[in-house]
Amino acid sequence: MPSPLPWRDAALPPIAERFCRYAEVWTTSDPTSDAFPSTERQKDLGGLLVEELSALGLDAEMDEHGYVFATLPSPLPPAEADALPVVALVAHVDTSPDAPGENVRPHVHPAYDGGPVTFPGAPDLRLDADGQPALARHVGHDLITSDGTTLLGSDDKAGVAAIVQLAADLVRADAEAAEIGDPPPPRPTLRLLFTPDEEIGKGTDKLDLARLGADVAYTLDGSGTDTLNVETFHAAEAVLRIEGVGVHPGYAKGVMVNAVRIAAAFVEALAGDPAPETTEGREGYLHPHTVEATTEGATVKVLLRDHDAAAMDAKRDRVRQLAAETAGRFPGATVDLTISESYRNMRSYIESVDPRAISVAVEAARAMGVEPALEPIRGGTDGARLSEKGLPCPNVFTGGYDFHSRFEWNTVQNLERTLAYAHALVREWGVQSGTKADGATV
Ligand SMILES: [Zn+2]
């Protein structure tokens, strides 16, 4: 494998050049901070984005919390533009505190040959296709990594770069169309949003949704290519409260009912059920995650997760049945079960507000000749929170892999594919909405 090039020495297309510039800006967020944003340095990238978007002629601004907003108006006459939904494109500026993020120096490994990838700043570090199967699918790509001392920050500078490059491309295309007197291709008004503190779970905490003013949104924050995330788990938590009978062990015969044993029996009864450590993809699970127990009393907490509503109901029934069986085995104890809902699969929120958020995203991929993979997320996301708040928000791929680590990588070709998909998505909204507005095929 030839030595990687500092990115400035490589001839890169605009999206990759832009990505590397943003990657160099230190934007690590901090889960121990009470401030918002958690680190002021995130505003360094926010400020740069405001500058660059303003230079394109957009109304870019950063609010006091570090959210950057900008508008790319629809080129259609106002009456037609107003008939279209406003579509927001969202990416987060912060990088994960799980790996160093200061002094990121992107390097390009031209034409990856399938061998081990080395890092100029960390001679012992190896990225290997044996340990990372996705790498084997990128032979011939121009890989981008850090120098091995930091993460790369593709999560989510790749999304940031794709959105800004899309805006730059569309501004230029509008100007070129105007020059030759062509009618502009239909497209909705786009709202661009760059958020802080996503990596510490606070990305939407201070977001003013009215100020965003969007009807549909997409986060560009997914891994790999040609994948969309439109589903999260249905999530609930079961709390089993056990009251035993505690007496002095010396005089316990026939009297003591030990809550520790009851808690242990309940957890043991779950042993054959699907667990986080035995499941993947769309498989749900029951996850006993906390036990607090003394002889007198115990509490067992169990997470219930499933993408499917009916399977989720079955999991609730299963926990109720096990709680009842456990209670039956220990007469004299009081066993009380409560199950509370934590959140619902984002797909249910999206479909209740505007199912086109999904169907248009799928059609956009098909217009590129690709059948997108709809990969369920096994956790919460900013998009899930926005969807729950009434703004349907699927998540779109951005080309990267091995997030939150010094191995993190993307490729020039994957960044270009992400940008191409962003263009296709915007075009597809123009087409679909035209169909709907006219009642005729465009
Ligand atoms: Zn991310």
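Contact, in these notes, means heavy atoms within 4.5 Å. With that in hand I looked up the long-range share: residues 24 or more positions apart account for 80% of the contacts with a separation of 6 or more in the protein.

**Ground rules**

I am working from a predicted model, where local features need pLDDT of at least 70, side-chain atom pairs count only at pLDDT 80 or more, and totals for chains, interfaces and linings use all residues. I number residues from 1 along each chain as its sequence is written, and side-chain values use heavy atoms, with hydrogens and water left out.

**Overall look**

I put a box around the C-alpha atoms along the principal axes and got roughly 95 × 60 × 40 Å. I then looked up the secondary structure and found twelve helices and 18 strands. Helices (H or I, at least four residues) and strands (E, at least two) are DSSP runs, numbered from the N terminus.

For burial I use relative accessible area: under 20% is buried, over 50% is exposed, and partly exposed is in between (1.4 Å probe, protein chains only). On that scale 52% of the 442 residues are buried. The accessible surface comes to about 18,700 Å², and carbon and sulfur atoms hold 50% of that. Those areas are from the Shrake-Rupley method with a 1.4 Å probe, and for residues only the protein chains shown count as cover.

**Zinc site**

Which protein atoms are the donors of the zinc ion? I find His92 (NE2), Asp155 (OD) and two entries for Asp221 (OD), lying 1.9 to 2.6 Å from the zinc ion. A donor here is an N, O or S atom within 2.8 Å of the metal (3.2 Å for Na, K and Ca); water is not among the atoms, so sites may look incomplete.

Why is the arrangement irregular? The four donor atoms subtend angles of 53 to 146 degrees around the zinc ion, which makes it so. To pass as tetrahedral, four donors need all angles between 85 and 135 degrees; four count as square planar and six as octahedral if opposite donors are over 155 degrees apart and all others between 65 and 115, and anything else is irregular.

Along the chain the donors follow the spacing H-x62-D-x65-D. His92 in strand S4 (residues 87-92) and Asp221 in strand S10 (residues 216-223) are 129 residues apart, so this pair links distant parts of the chain. Both His92 and Asp221 are buried.

I also checked the backbone at Asp155. A cis peptide bond joins Asp155 to Asp156, with omega about 15 degrees, and Asp156 is in helix H5 (residues 154-179).

**Sheet**

I traced an open sheet of eight strands with mixed pairing, in the order S2-S3-S9-S4-S10-S17-S11-S16. Strand S2 (61-62) and strand S16 (373-374) are the edges, each pairing on one side only. I count two strands as paired if DSSP finds at least two bridges between them.

S3 (residues 68-72) and S9 (residues 190-195) run antiparallel and are joined by five bridges, with Phe69 opposite Leu193. S17 (residues 395-400) is mostly covered, with six of its six residues buried. S10 and S17 run parallel over four bridges, while S11 and S17 pair in the antiparallel sense over two. Asn395 in S17 stands opposite Thr219 and is also the bridge partner of Asn229.

**Cores and helix H1**

A nonpolar core is a set of buried Ala, Val, Leu, Ile, Met, Phe, Trp, Tyr and Cys residues joined through side-chain atoms within 4.5 Å. The largest one has 64 residues, and Leu89, Leu192, Phe194 and Tyr218 have the most contacts inside it. Apart from it lies another core of 22 residues, including Ile262 and Leu270.

Is helix H1 (residues 14-23) largely enclosed or open? Seven of its ten residues are buried, so H1 is largely enclosed by the rest of the structure. Among the buried ones are Phe19, Cys20 and Tyr22.

**Backbone oddities**

Most residues other than glycine have a negative phi, and most peptide bonds are trans. I noted that the bond from Phe36 to Pro37 is cis, with omega near -5 degrees. Pro37 is in the loop between H1 and helix H2 (42-55).

Ala111 has a positive phi of about 45 degrees and counts as partly exposed at 48% relative accessibility. Asp226 has phi near 65 degrees and is in the loop between S10 and strand S11 (227-229).
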